Amino acid sequence: MDECVNFHFDIDGDNFTSAGEASVRIKKHLREMGFSPETIRRVSVAMYEGEINMVIHANGGSADVDVYVDRIEIKLMDNGPGISDIGLAMQEGYSTAPDNIRSLGFGAGMGLPNMKRYTDNMKIESEVGKGTTIYMTVNV
């Protein structure tokens, strides 16, 4: 594979049942492409955490995954409320999820920290009132 293979996913913000569907689909694609289980796991975890965050906080969004022979680049975009304090949001356990979401077992404040933990590079661009874009890279 000398060139980039792109996958695009729309994340439905109204449906917790479908949250995680994109990470399951990218896992299947990466397996079919012959990537190692460890690489697939890291990409899947980062994608899942991002999807859940988009459902909880931003009413959905989109994900683009560019697959190269030596790396996998993930771009998550939403038009949600934005993140006012990225440093605070990166702290394990910090969460702005409402109680009804927490009662479902989500919103424990581990999404962004896990995304950073399972990727080799992560950058967050966010503007309050406009949305958030997260760029992640998993090296192969």
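This briefing covers the sheet, the helices, the nonpolar core and two single residues of the structure above.

The model is predicted. Its open sheet has 5 strands in the order 1-2-3-5-4, with antiparallel pairing. Helix 1 (residues 21–32) packs on that sheet, and helix 2 (residues 37–58) lies across strand 1, strand 2, strand 3 and strand 5. The largest nonpolar core counts 32 residues.

**Sheet layout**

- The strand order is 1-2-3-5-4, and the sheet is open.
- Strand 1 (5–12) and strand 4 (121–127) are the edge strands; each has a single partner strand, so one side of each has no neighbour in the sheet.
- From one strand to the next, the twist averages 10°.
- Strands of a sheet pair through backbone hydrogen bonds, in parallel or antiparallel fashion.

**Strand pairs and hairpins**

- Strand 2 and strand 3 run antiparallel and are joined by 6 bridges.
- A hairpin links strand 2 and strand 3, with 3 residues between them.
- Within this pair, V65 has I74 of strand 3 as its bridge partner.
- Strand 3 also pairs with strand 5, in the antiparallel sense, over 8 bridges.
- D78 has T132 of strand 5 as its bridge partner.
- Strand 4 and strand 5 (residues 131–139) are antiparallel and share 7 bridges.
- In strand 5, T137 stands opposite N121, and T132 stands opposite S126.
- Strand 4 and strand 5 form a hairpin too, with 3 residues between them. G129 sits in this turn and has a positive phi of about 85°.

**Faces of strand 3**

- The covered face of strand 3 carries I72, I74, L76 and D78.
- The uncovered face carries R71, E73, K75 and M77.

**Helix 1**

- Helix 1 touches strand 1, strand 2 (60–67) and strand 3 (71–78). Its direction makes about 160° with that of strand 1.
- The length checks out: at 1.5 Å a residue, its 12 residues should span 16 Å, and the end C-alpha atoms are 17 Å apart, which agrees.
- Which residues of helix 1 are buried? They are A22, S23, I26 and L30.
- Seen down the helix axis, these buried residues fall within an arc of 95°, so they line one face of helix 1.
- An α-helix has 3.6 residues a turn, so residues three or four places apart point the same way.
- The buried residues of helix 1 pack against strand 1, helix 2, strand 2 and strand 3.
- V24, R31 and E32 are exposed, on the face of helix 1 turned away from its buried side.
- Just after helix 1, G34 has a positive phi of about 90°.

**Helix 2**

- Helix 2 runs at about 5° to strand 3.
- Its 22 residues should span 32 Å at 1.5 Å a residue; the end C-alpha atoms are 30 Å apart, which agrees.
- N59, just after helix 2, takes a positive phi of about 55°.

**Nonpolar core**

- F9, M47, V65, I74 and L76 touch the most other members of the largest nonpolar core.
- Two or more core residues come from each of strand 1, helix 1, helix 2, strand 2, strand 3, helix 5, strand 4 and strand 5.
- Helix 2 gives the most to this core, with 8 residues.
- What does M47 touch, not counting residues up to four places away in sequence? Its contacts are F9, A22, S23, I26, A63, V65, I74 and L76.

**Two residues compared with the solvent: G50 and A108**

- G50 is found in helix 2. Buried means under 20% relative accessible area; G50 has 3%, so G50 is buried.
- Residues up to four places away in sequence aside, G50 touches L76 and M115.
- G50 and E21 are 29 residues apart along the chain, and their C-alpha atoms are separated by 12 Å.
- A108 is in the loop between helix 4 (99–102) and helix 5 (111–117).
- Is A108 buried or exposed? A108 counts as exposed because its relative accessibility is 55%, and the cut-off for exposed is over 50%.
- Leaving aside neighbours within four places in sequence, A108 is in contact with G93 and S95.
- The C-alpha atoms of A108 and S95 are separated by 6.3 Å, with the two residues 13 apart along the chain.

Conventions:
Residues are numbered from 1 along each chain as its sequence is written. This is a predicted model: local features need pLDDT of at least 70, side-chain atom pairs count only at pLDDT 80 or more; totals for chains, interfaces and linings use all residues. Side-chain values use heavy atoms; hydrogens and water are left out. Two strands pair if DSSP finds at least two bridges between them. Helices (H or I, at least four residues) and strands (E, at least two) are DSSP runs, numbered from the N terminus. Axes are lines fitted to C-alpha atoms, for helices over the stretch in contact, and angles run from 0 to 180 degrees between N-to-C directions. Contact means heavy atoms within 4.5 Å. Buried means under 20% relative accessible area, exposed over 50%, partly exposed in between (1.4 Å probe, protein chains only). A nonpolar core is a set of buried Ala, Val, Leu, Ile, Met, Phe, Trp, Tyr and Cys residues joined through side-chain atoms within 4.5 Å. The expected span of a helix is 1.5 Å times one less than its number of residues. The arc is that of the directions from the helix axis to the C-beta atoms.
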